[in-house]
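Visitor: I should like to learn how to read a few features of a structure. Might we take them one at a time?

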Amino acid sequence: MVVAYAKWTPSKTKDLLFRQPFLSRRPAENRHVGIGIGIEMDIVGEVTGLCKAGRLKEAVDLLPHLNYPDDSIYVSLLQGCIHNKTLPEGKLVHAHIILTGFNPDVYLGTKLLIMYAKCSNSTLDARLVLDGMPERNVVTWTVMISAYSKHGHHRDALTLFRQMQQQTDIQSDKFVFAGALPACANLVALQHGKEIHHDVVRSGFQCDLIVGTALVDMYVKCGVIEDARRVFNEMPEKDVVLWNAMIAGYANSGRIDEALQLFQKTPHRDVVSWNSMIAGYAQRGRFDEALELFHQMPQRDVVSWNAMIGGYAQNGLVDEALDLFLEMPETDVISWNSMIAGYVQNGYADEALNLFQQMQMTGVKPNSITFATILPALANLAALELGKAIHEIINRSEYFADAFVGCALVDMYVKCGSIEDARNVFDKIPKRDVVPWTAMILGYAMHGHVKEALHLFKQMQNSGVRPNNVTFVGVLSACCHAGLVDEGLNNFDLMTRYYHIIPEKEHYCCIVDLLGRAGQLDKAQNFIKELPLKPDAAIWASLLSACRIHNNIKLGESVAEQLLASNTKNAAHYVLLSNIYAAAGRCDDVEKVRKLMKANQVAKSPGCSWIKINDKAYCFLVGDRSNPHLKKIYVFLEKLSVQMKEAGYVPDTNFVLHDVEHEQKEYIIYHHSEKLAIAFGLLYSSPGTPIRIVKNLRVCGDCHSAAKFISKIVAREIFLRDANRYHHFRDGGCSCGDYW
């Protein structure tokens, strides 16, 4: 026995711990007596003393010398493990219970359950202990329900609560109710919450402060603030926690003035009360009131500062947020996350990356939210190498299997042009719900990998995951990119008839685009006429784009009337109409469109393309003359244009809307931002490496054609992400198959 235990290590315990029933032990009278009772008692005393002194590891090391342990020894050891959150020592104690054949009673079994619930990052071990216990009490059930809630397994918590009620005679107490109600709150399961409220009243706990606070929080998070207030009013006694729950409920629901009334009435006001009010004002852009309360606070904590910083950042006031951030006496991971998110959401990707690097240098450990926030910044910059570097950091952290982070990684790789890396990450996400499936389907659609997108959609359905409205946007987009009209219409029918998902504007746009690109303009027009909602500018623009592709000027003019009647301020809509006229040689009408844009104060966003080389981003505008490398770029483009023309390239000057001579149009089109960025990449990136470009607008037809020729001439892959999708140019072809 002693020899066997001496070889035992925490990594070897699990098979023995859970391979046999909880109480499958040898009877106590059959144990081998290896040492005297007196010596045994001395060791028991020493173990107890070591536990009290906090010297847990030394106490556990004495276990092999005990042949007659009792409940109190194991309870002391397990309590020490719980207090210090030391799972390895807790597993050793559990192993010793099994090896000595000790028969734990319900009290010791529950203590073992508490140890796993509080010390482990998983609920699996705790549940295995629970399932092996022949006898359970209300505390046992409460511990497991609370563990599920703590780890975010809210459905499991509710299921176990109902199992306890239906399969046992155990009466629920206030702690069971307080463990189950947060699960209802987080699932927004109002009906379940109301049923538990009924059980609370029937059990006589409706006046208990703990239960009452949980009920208020549940009703608030389920969006029924009036029911929350009714519970609050009926409480005969109110403490600061209950007052804070109601104040926060009003503040988070946008009813900040009612929150203020309660805040002013409360006899119990602590830092949480102040923080709820500050966050409520800040999140709604009422910064004068938020700042006034912030300065009035008798004592601020890091949450107070974070509330102000988060509010400023969310409302686009990044400079104000940074000023407060720099004033903070101490920061935590939430402070850094708020600032990084503020930069990312407001388009300051480089600043977000710099701040992330500073965060690491200061020793603040990133969490899952940090990674999920910074990865979109890399996606926006198409900074693949930096993305891979952060992926390595994630792999070395505890978040390598986090589904939330995994989805952000998939999206980053998709937008950085590496669909293979995106799929590798997707395949490693352990528990895939609708979000990662949808992200990967959208990624395939964006890259023009239609077969893969549709195959993955079928896999998703076969795995039992229910698609949502965003999933179908990806599926329909994939069909659009390949001209799969029947497949697209069938999936639209599947969405509405089988899954009962009500179509939204994006789905209607996809169908109009699908029919229009396939040349079925009349069907697209009839589809719009039969819509259950009034078509908006985006839907008309989809049809207008199809009119441009198929040179249908008559229908294009009719659609343009509808589009311009909607008072659209989107310059792309005017440009579409202008392109139709230009392609037909109707220069006077092109000029009319330009004048109309001016009269309606619609400005066309300049085409902007950027490329990242050696961790530095370079931005180019059409006709750009600010870059110090421009002279070299222009010379390079001139030489390249000769080679392109020799290979069969013909400049398409229809994409130049200026009323200038043909030669000038050709000059302008040679200096579009995409071509400048591609030339810069060819000049200054490592030979043979792919060129990765991001453009803020849809790539023009001429640049698309030019990129195909360039990829063949220089034997380089070019990845170009525009406002709509990815184009992967290789050996004279594009992944879109020229169907875009």
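Guide: We begin with surface charge; note that the model is predicted. A negative surface patch is made up of D319, E320, D323 and E327.

Visitor: Where in the secondary structure does E327 lie?

Guide: E327 belongs to helix α20, which covers residues 318-327.

Visitor: Is E327 buried or exposed?

Guide: Exposed means over 50% relative accessible area. E327 counts as exposed because its relative accessibility is 52%.

Visitor: Let us turn to the sheet. What is the order of its strands?

Guide: The open sheet has six strands in the order β2-β1-β3-β4-β5-β6, and the pairing is mixed. Its edge strands are β2 (616-621) and β6 (733-734), each of which pairs on one side only.

Visitor: How does β6 pair with β5?

Guide: Strand β5, residues 726-730, and β6 are antiparallel, with two bridges. F729 stands opposite C734 of β6.

Visitor: How should one read the side chains of a strand?

Guide: As a general idea, side chains in a regular strand alternate between the two faces of the sheet. In this structure, strand β1 (residues 608-613) is mostly covered, with five of its six residues buried.

Visitor: Which strands pair with β1?

Guide: β1 pairs with β2 in the antiparallel sense over six bridges, and I613 has K616 in β2 as its bridge partner. The hairpin of β1 and β2 has two residues between the strands, and N614 there takes a positive phi near 55°. β1 also pairs with strand β3 (residues 691-695), again antiparallel, over three bridges; here S609 stands opposite K695 in β3.

Methods
Residues numbered from 1 in each chain as written. Predicted model: local features only at pLDDT ≥ 70, side-chain atom pairs only at ≥ 80, totals over all residues. Heavy atoms only, no water. Patch = residues over 30% accessible without salt bridge, like charges linked within 9 Å, V, L, I, M, F, W, Y side chains within 5 Å. Areas by Shrake-Rupley, 256 points an atom, 1.4 Å probe, with all protein chains shown as cover. Salt bridge = Lys/Arg side-chain N within 4 Å of Asp/Glu carboxyl O. Lys, Arg positive; Asp, Glu negative; His and termini not counted. Charge placed at Lys NZ, Arg CZ, Asp CG, Glu CD. Helix = DSSP H or I, 4+ residues; strand = E, 2+ residues; numbered from the N terminus. Buried < 20%, exposed > 50% of the residue type's maximum accessible area, 1.4 Å probe, protein only. Pairing = 2+ DSSP bridges.
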